[in-house]
Structure formats: structure tokens, C-alpha cells
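Work through the exercises below with the sequence and the model at hand. Try each task before reading its solution.

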Amino acid sequence: DFLKNCKAARALQYILLNKLKVAVILGDWNVASDISLKVLMADEKLLKQPDITTWFLLTFGGLPWLALARTDQLNRASHAKKAKGFIQRLKKWASKGSIVCKAMHTFLLAEESAKNAKTEVVLALFDECIADVTSWSDTFYYNIRALVNERAGVFCLERNLDASKYLICAMELYREWKAWAKVLQLEKLYPQLFSVKESAPV
């Protein structure tokens, strides 16, 4: 029974993590933030004993709260506080030598500082993260590379800057990852950069 319960808990965690990834990639921050809390409740020991999913949970779990903190002024302090917990845990594992957690910590720092910090400071953080993730040859990280580039592009648009470098790179990576729903979303969001056309193969 114990082994069955462990397998069931791991299966639930896997399902929740995948739902979290989809919600974050599509920018559904309310759904993503709700799922992130459910994932934590399903397996809080991830925060004490890291495994391969730790960086994923902490990054995709923290990002929705940072995004909400930038858009929901009424509850900004509450959202920022929740995000801080994820950032601090990433910092902890980064200090223990995890290069993935280090890069993801930099990513969330960029998001955290996007509201008030100087433009050059925020872009330097995004660029540092992009450089780190790009150095990893594993195609497993295409979704992360795409997401970081997209978020950097969103930040540029918020500051009335040219976002084409980041958004075009994000689009190319989403295509390579075959995330067709995301490709279509970007085409609709930024028609000035991407012509709306059939994106998925027939």
C-alpha cells in the first residue's frame, strides 16, 4: 500500500507539473498560480530534497506570482510575497552548485525587477539567463529558452522598446519545440512581427 501511495502521489505530481507548464507557456497566470500551490501541497519535500523536477517547479511555480504582481495592483504585495519564496529556494539550490537553478534564479530576478528597475538592469538579467540556457545543448530546454526570450520581449514592449529580437527567437524555439498552440498565440498577439498563417503541419 505504501508503494502504491507513493506511485499515486508521483503520478499526481507529474500531471500537475504538466498542467502548470501549459498554463505558464500560454500565459494563463491565474490558473498557473493555482496549480503551483497544488503542486507544492502534493509534494513539499521537493523543496527540501531536490530532484530533477525541483528547478521546474520553482521556476514555473514562481513566475505566475511575479506576473500577477505586475498586473494586479490591488494584491501586488501578496503575490510578490508568494513569488519571493520560490526565488529564495532557487537561490538556495543555486548556491549549492545547481547551474540550472542558478539560471532560473536569474530569470525570476529579471521578472521581479521588471516593474521598477532600470531597463538596462532588467535586460542584463534576461540576457544572462538566455546565455546560460542557450549554452545547454539539450533540446529538453527549448521550452525554457523560448519562455525566457518571450518574457524579455514582453518586458521590452512594456518599456516601449524594440522587442523583435526576443520575440522572433521565442517564436523559432516554440516552432522547434512544436508548440503549435503557442505559435498561433504569438502570431495573433504580435501580427506586426508574424504574419498569421497556417503554423502547424498538415
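**Exercise 1.** Is Arg 70 buried or exposed?

Solution. The model is predicted. The cut-off for buried is under 20% relative accessible area. Arg 70 has a relative accessible area of 9%, so Arg 70 is buried.

**Exercise 2.** Find the salt bridges of Arg 70 with Glu 111 and Glu 158, and state which helices they link.

Solution. Step 1: side chains of opposite charge can pair when their charged atoms come close. Step 2: Arg 70 and Glu 111 form a salt bridge, with N to O at 2.5 Å. Arg 70 belongs to helix 3 (residues 54–71) and Glu 111 to helix 5 (residues 99–113), so this pair ties together parts 41 residues apart in sequence. Glu 111 is buried, at 1% relative accessibility. Step 3: Arg 70 also forms a salt bridge with Glu 158, where the closest N and O atoms are 2.5 Å apart. This pair links helix 3 to helix 7 (residues 142–158), across 88 residues. Glu 158 is partly exposed, at 44% relative accessibility.

**Exercise 3.** How many aromatic pairs are there, and how are the rings of Trp 55 and Phe 56 arranged?

Solution. Step 1: the count is seven aromatic pairs. Step 2: the ring centres of Trp 55 and Phe 56 lie 5.9 Å apart and the planes are at 80°. Planes over 60 degrees apart count as edge-to-face, so the pair is edge-to-face. Step 3: Trp 55 is buried at 7% relative accessibility, and Phe 56 is buried at 12%. Step 4: Trp 55 and Phe 56 belong to one aromatic cluster with Phe 60, Trp 136 and Tyr 141.

Note on methods:
Residues are numbered from 1 along each chain as its sequence is written. This is a predicted model: local features need pLDDT of at least 70, side-chain atom pairs count only at pLDDT 80 or more; totals for chains, interfaces and linings use all residues. Side-chain values use heavy atoms; hydrogens and water are left out. Rings of Phe, Tyr and Trp (its six-membered ring) pair if their centres lie within 6.5 Å; planes under 30 degrees apart count as stacked, over 60 as edge-to-face and the rest as tilted. Buried means under 20% relative accessible area, exposed over 50%, partly exposed in between (1.4 Å probe, protein chains only). A salt bridge is a side-chain nitrogen of Lys or Arg within 4 Å of a carboxyl oxygen of Asp or Glu. Helices (H or I, at least four residues) and strands (E, at least two) are DSSP runs, numbered from the N terminus.
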